[in-house]
Structure formats: structure tokens, C-alpha cells
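Q: Please take a close look at a single part of this model, one strand and its surroundings. Set out how it is paired and enclosed, then turn to the charged contacts.

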Amino acid sequence: MAEPGPSRKRRQRAVARAAAAAIGWAIALVVPAGAQLVDCPGIRNNPSTFKVIFDDPAYARQGLDADGELQTIKARLQFAVDGQLQALGMEMRQAAQPAAQLLSVSCPGRHPRGESDFDLDRSQDLTASKVVLEVWATLDGRSQGNNLQDREARIGYALPPLRFYERGAPGLPGFYQLRYPRPGADLSGILTGLPEISAYATLGLGLKAAKAQDYDLAVQYLKKAEALLAAAGPNPDPDAANRRALVDYAKRKSCETVRAALADPGYAGGLKIAYAGARRPCP
Amino acid sequence: MIRRRGAALAVLLGAAGFLAAGRGEAGMMAACDQPAAFPGAALNVVVLPYKADRAVGRPLGGPARELGLLIQLNSLLTLGRYGSLGAVYLHSVSDRDDCPEEEVADQLLDKRPGAGAVVQPGRAIILLWGRIYQEGPDIYLQTYLRFLQRGRIDGIERRLPGGEIFRARTPVQQVAFPPRRLSEQDLLQIQEEFQKAARIYDKPDAAAPSEPLPVASRAPVAFSVDRVQDGWLQVSGEVIGTGKWLKAKVDPREWPLRQKMPELDFLDALAGYLQYRVAGQGRPSEAIPRWVEESLGHYEEATAEQAGAAAIPIALGKILRGNLRMLAGQAEGAEPLYAQAAALLPYSADARNLEIVARLAGAPASRPGEAQEGAWLGALGLEPANLDILENLQTLYGLESRGDGAPKDLPGKLEAVRKVRAGILAKRPPEFGTPASPP
């Protein structure tokens, strides 16, 4: 029943060409016009400070920048993200036991194309520069004739420490794209909160501190991340599975960090008191 | 030039004896590059200009630009009931657009030079600032607030008959409120009301000759409130002269800005709370806790969202109520409020510490023991370097070791806590967890 060789090969080539074209179209649809991961000098400044990178929100394709509503969404996003990052920086400054500094780094012209932009090398570089989170956004809409409908913002998050330290771990990509409007909400919801920013940044900071064996800071922020991740996001939430995985991971990681601290003869901090006697760090 | 102006302002504030004691209000408009506070005021409310967010990309319209000034006048008109108050509006200067809150705070707390006059130790300050984002006819405001009593840690303590002290601090002293939407029409209406209120009259009569309050002056404009008469304030100052009157009969509930910005209810509550703290042993007004309660109630009613970042001001409101109850000796009323705050901030060891200390204070007959130890160890598991909790554990172990039949492992526990505390203190300046604690 097999087809003659040359005919089968021709068909395979045609299918391959069609598939390549489809992939090309798909990429064109999801990758913003002119997307690129340009260098951003601010990342390497202040080497001792934790950082969150906020890239320029970009339009998914040429021509969308003329749409007034998408321009408004872009401005809202900038306002909301700036506000979240300021609030997070303030919170960290006053959580002085121990204090952690968080810097918001703005990277104009930088826009990740997808998960592949955060390969091992880049994740390692960003982690070494104390980048705990990179945030970007793609603005899109469905063209129908001369009208644009179903406008949306896809907000991307990469957690370099998670991608680097847990590379390949199932269920923990460290790369997330959330669509706004959220189910059952409208786009004005962007203004009142992007709770995942605080949750992801706190987790990234906790992981970085854990790697540096700064056990006290790590446990404080991993436990906080667990609480923030558990609270973030209204229902129904299409990203609930990712979040549950992160909640479990934050819990597991804080537990491992406590164990590591207790086993470290060089550590003489509060965890040795908190878990002296019968108290156990993990259920 | 700036130094000379600063010296002149300090002399002005000192010589005028503004707010030297007891009740009294004073207002001032000054430039951001030379901030000043009223040294004699129990509380200074300092309002910084609301900044246009970078998303706006164009200059703000008049009403939005003047919002900080509106809030200052609102403070002056509504917060005076609590006691001695200085309300300061810092406006941007032409050669410098930003007015960084941290820099201004450091100057006003005498941590860096540049202030015309600074807050005195033991006196309180509230700094308020924000961002504005304008989208067509809608204006979104995000307000930030920071408060402190200079040289004091805000919190509570439980003193035992033997002199031992258990302490807990307020975990949050900076708040980012959720963004709030106002229409340009709302702001215009507020501005109209403001323009009516911000006039100086020759007599306490709305029909008397009047002129606008000189609010945008480059040089500082300070004035004291000398007398209150039938809803009018008699004010005097170098620039505005003597024997002038401000129409102040404004019901706080009717002040339009307050209806649009529930944050101002929070500000009101916080002002009352701080006045109560500063008054301390000087018998603060018994009405203050009731007013604070009312204002926090209004804030909560107007704030539908209570999750995520919005949980922080809600939790802080509960802590302020709890602290007031503790100061009034009503620990049993404070404990459930702290428990609610701890549920809103499940990661905060300080919130749990407040609850534990209040529980101890609510049962004065019982000795602290295993239950408190377990609770503090649990909180330490959240923040292993929390010095207040380590100090409380040290005090607890010290107490237990003095009793009959003390467990054999107690000396070891006590020594371990001492070592950890010493290790943490050696790594950081002794600003936190050191004894200069409340109230």
C-alpha cells in the first residue's frame, strides 16, 4: 500500500513547506514587529542590587501602533507596572530584617521573542546580574476589515534564577505569558493590579538568596512568595496550574533552604533557634 | 542664597512660636529643594507634588497639577481637631521637576542637610506623595504615604512587674494605595471648592473683602492659626500679615476631595493615631480613638478590593486600631485586630508578634510560657533575622530560667538566642530592634 518513493517525498516536502509556512505565520502572529533582545546597560549597573527589568511594551505587528485603544492600553501598562515596582521596592526597603534593595531597570527597545530568548546562557548572565524578573508586554488585536477587535495585552514574565537553577524541571518553566483582560474582566483591570509581578519578583529574590546561602533572606522571601503566589489571580484562572506548581515549589524550596541552613556548620542564624528541638521545617 | 533663605525661614518659624504647645495649626508652602517642617508641631503632614507618570507623556492640566496643594489644605481644614498640626505643601521648582520623597524625608529628619527647619525628636511626620495618569477625561491617582515618629519605633510593648519588656512593631510604615479614578470634572469641582476656601478675609465674614492665599510663592509662606471663631480661623504670618481670616467651616465628610479619595480618610485616621501617640502621657483626647475608628471605617467601606497590594492598607488600619487599644490598656480588644492583620499579611513575622504580645498583655495574671515560645518560634521561621522576636525569646527564656524547676535545656536556649542576636546586630547598624521602643 506504500506510495512510490518520489511521489511520497514530494508530498512530504509539500507538507514540510506548508508546516514551515504555518509556523512562520504563527510566529508572525505572536512575535511583535521588530522584536529583539537588545542589550540594556542598566542590567549590569549596581551589581549588588536585585533588579526587575521592564521592557518596552510592543505591538504585535506593524500598523497596530495607530490604534488609539492599544496606545491607551500601553500607557496603562506602563503606569501599572511602574506602580507595582515602586510599591515592591518600598516594601522591601521597610522589611529591614534583613533589608533588600530592589531596582527597577527600564530597557527601551528590548523585547523578548519567546522562551528561547531565555536560554541557559542568558538566564545565567541575568541571574549573575541579580535580575530576579524580566517583564514585557505584547499588544495585539484581531483585525476585521478596517476595525480592530478583541484587543489584548500578553504580559510576559521570565524568572532568570528559576530558569537557570531549575533548568528542565517539569512544570517550572520560569517563563509565563498572561493574557489581559483576565477572564470575566475588562482591560481596565490592568490598572488596578498585576499581582504576579510582586509574587514572581519575590520568588526570584528568594531563589537568588538561597543560592548565595543567605539563608535568612532566602527563607523570608520564599515564604512570602508562597503566600503571594497563593493569593495572586482571581478565579477562573487559566494560569492556575502554573501558579500551583510555583506555590508548591516555593514551599519545597524554603524547606530545603532551612534544611541546608541547619546542616551548615557556618550558619549561626535564627533558623537554628526556630527549628531547634522537635520543630521540623518540612511537613 | 538658598542658605540665607533657609536661615530666614528657621528664624521665622522659631520666632513666630508656631505651635509651641498644645493645640494649634500652621500651614506653609515651600519649594521642594528647600523643605521645611514646623518644629513645634506634634505632627507635620508634608504633601509632595503629584507627579505625572511617564505614561502620560504630556504636561498635566491645572487641577491635576495642584492636587498636592488641595490635599495640604484639606489636611489643614480637617486634621486640626486632633491637636497641634503643621501642614506643609512642597511644590516643584522650575529648574528641578522631581521631588524625591526619600531625600525630603532625610532632610526633614535631619539626616541630611538642606531643610529650613526639621521635625523634632519624638514628634511625628506623615509624608504623602503620588503619581497621576491621565487617560482622556479620566485621571488615575496613586497615592503613597509614609509615617513615623522621629527617633521612635512604632509599635507596642508589654511590661512585666519585674521590669521585663516584650515588644512588637508595626510592620508597615509605608503604604502604596491602589490607583483611584477621578474624572477631570471631579477635579475641576474640587478646584472650585478649593478656590472658595483658600482665600484670606479681612473679617470672619464671607462677604468681607478677601484675596487668594499666596500658595504658589517661590519663597516659603508660613502662617499660624491664632484663633478659632465660629468656623473661622484667624491666621497670621510674615507674608499674609496679621488679623486675617480663613473660612474653615468645612464638614470633613462634605469636603469634596475626601469623597473622591478615600485615602484621605486613611490620612485622617493616621493623623489621629500619631497625635495620640505623641501626646502620650500628656492625656490625649479621649475622642481621638473614636475619630480614628470612624475614618478607618469610611476608608474600608470605600475600598472594595482588599486582596493583594490593597490588603496592606487594610491590615495597617487594623494594626493602628490595635495599637490604640493597647495604649488605652485594652489588650483583649487589640488581639483580634492583630490576628486579622496577620491573616492579611501571612508572611509578616511582625504582625504575628503583635498578636502574641497583645495576648500576653491580655492575660496579665498568667506567666508567659510554652504557648508563647511556640508562637514566637513559628514567627521566627518566617523571618529568621527578626530582632524583636529574638529579643522577646531572650526575655522569655530569661524569665523562665529564674523560676523553680526550670527545664535543663533552658540555659542552652538562652545562650543560643543571645548569640544569634549578637551576630545579627554585628552585621547591621543598631537602628532596628534596639531598645528605644514604643510607646
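A: Take the pair B:R146 and B:Q174 as a starting point: B:Q174, in β8(B), is the bridge partner of B:R146. This is a predicted model, in which local features need pLDDT of at least 70, side-chain atom pairs count only at pLDDT 80 or more, and totals for chains, interfaces and linings use all residues. Residues are numbered from 1 along each chain as its sequence is written, chains are lettered from A and ligands numbered from 1 in the order in which they are written, and side-chain values use heavy atoms, with hydrogens and water left out.

Strands here are DSSP runs (E, at least two residues), as helices are (H or I, at least four), numbered from the N terminus. Two strands pair if DSSP finds at least two bridges between them. β5(B) and strand β8 (residues 174-176) of chain B pair in the antiparallel sense over 3 bridges. Strand β9 (residues 180-183) of chain B is also antiparallel to β5(B), joined by 4 bridges; there B:Y140 stands opposite B:R181. With strand β4 (residues 124-135) of chain B, β5(B) shares 12 bridges, again antiparallel, and B:W129 has B:Y144 as its bridge partner. β4(B) and β5(B) form a hairpin with 2 residues between them, and B:G136 in the turn has a positive phi of about 60°.

Burial is judged by relative accessible area (buried under 20%, exposed over 50%, partly exposed in between; 1.4 Å probe, protein chains only). Strand β5 (residues 138-149) of chain B has 11 of its 12 residues buried, so it is largely enclosed by the rest of the structure.

Now the charged contacts. A salt bridge is a side-chain nitrogen of Lys or Arg within 4 Å of a carboxyl oxygen of Asp or Glu, and the structure holds 36 of them over all chains. In chain B, one joins B:E157 and B:R167 at 3.9 Å, N to O. B:E157 lies in strand β6 (residues 155-159) and B:R167 in strand β7 (residues 165-169), so the pair ties together parts 10 residues apart in sequence. B:E157 is buried at 14%, and B:R167 is buried at 10%. Another links B:R112 to B:D106, with the closest N and O atoms 3.8 Å apart; B:R112 is partly exposed at 35%.

In chain A, A:K253 and A:E166 meet at 4.0 Å, N to O. A:K253 lies in helix α8 (residues 240-263) and A:E166 in the loop between α4 (160-165) and β6 (175-180), so the pair ties together parts 87 residues apart in sequence. A:K253 is buried at 18%, and A:E166 counts as buried at 19%.
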